[in-house]
Amino acid sequence: TGPEKIYIFLKTMPMKNRTVLFVDDEENTLKSIERGLRKEKFKRLYALDGFEAKKIIKKEDINIIITDMNMPGMDGLSLLNWVEKENPQIIRMVLSMKDDTSTILEAINNGNIYRYIIKPCENRELKSAIEQSLEVYELKEEKRKLVNKLEEYNKTLEKEVESRTNQLL
């Protein structure tokens, strides 16, 4: 049998199958986000601190996390570092009032985040950032699946080469 053809189709999954976790210690901020995104098709979950967020991440299939930086107990950067180690496939974003360059650079460099949004922000800016993040998530998932297929195909080829080598010997 010859090599099978591998076709690449980028198909975005419906947003209703995706989950975004918002983490902020200010309940009014979370309520405002919920009001602004109530018509969106993706699932929205909320946590008031990093510890609650960790519990949710362990139970739910989270695709994107958007966290505040300054929170009591566990700050946003610590949470993002934990997420990166435990669930690196989750797209990590910051939504914070801290707008100084050093904080933003630290979050980007140490937290390995996709985006840093300064609040208050407009709903359409947040929606756009989430949509872009979901597209990035889909691309990463597609890449992971393709790499797995290539690895399987490579193993099959190696077995075939070994078999033919043995036949020749």
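**A five-stranded sheet and its aromatic pair**

Tyrosine 46 has a relative accessible area of 23%, so this residue counts as partly exposed. The model in which this is seen is a predicted one. A search of the whole structure turns up one aromatic pair. In this pair, phenylalanine 22 and tyrosine 46 are stacked, with 5.5 Å from centre to centre and 20 degrees between the planes. Because phenylalanine 22 belongs to strand β1 (residues 19-23) and tyrosine 46 to strand β2 (residues 43-47), the pair ties together parts that are 24 residues apart in sequence. Phenylalanine 22 is buried, as its relative accessible area is 1%. Another ring, that of phenylalanine 42, has arginine 44 over its face, at 6.0 Å from the ring centre.

Strands β1 and β2 belong to an open sheet of five strands, which run in the order β2-β1-β3-β4-β5 with parallel pairing. At the edges lie β2 and β5 (115-118), each of which pairs on one side only. On average, neighbouring strands are turned by 20 degrees against each other, direction ignored. Four bridges join strand β4 (residues 91-96) to β5 in the parallel sense, and methionine 93 stands opposite arginine 115 in β5.

Two helices can now be added to the picture. Helix α3 (residues 76-86) packs on the sheet and touches β1, β3 (64-67) and β4; its direction makes about 165 degrees with that of β3. Helix α5 (residues 123-168) also packs on the sheet, where it touches β1, β3, β4 and β5, and its direction makes about 165 degrees with that of β4.

As for confidence, the protein averages a pLDDT of 83, and 87% of the residues score at least 70. Over residues 1-13, however, pLDDT stays under 50. Where pLDDT is low, the predicted coordinates should not be read in detail.

Key:
Residues numbered from 1 in each chain as written. Predicted model: local features only at pLDDT ≥ 70, side-chain atom pairs only at ≥ 80, totals over all residues. Heavy atoms only, no water. Phe/Tyr/Trp six-rings, centres within 6.5 Å; stacked < 30°, edge-to-face > 60°. Buried < 20%, exposed > 50% of the residue type's maximum accessible area, 1.4 Å probe, protein only. Lys NZ or Arg CZ within 6 Å of the ring centre and 35° of its normal. pLDDT = per-residue confidence, 0-100. Contact = heavy atoms within 4.5 Å. Pairing = 2+ DSSP bridges. Axes fitted to C-alpha atoms, helices over the stretch in contact; angles between N-to-C directions.
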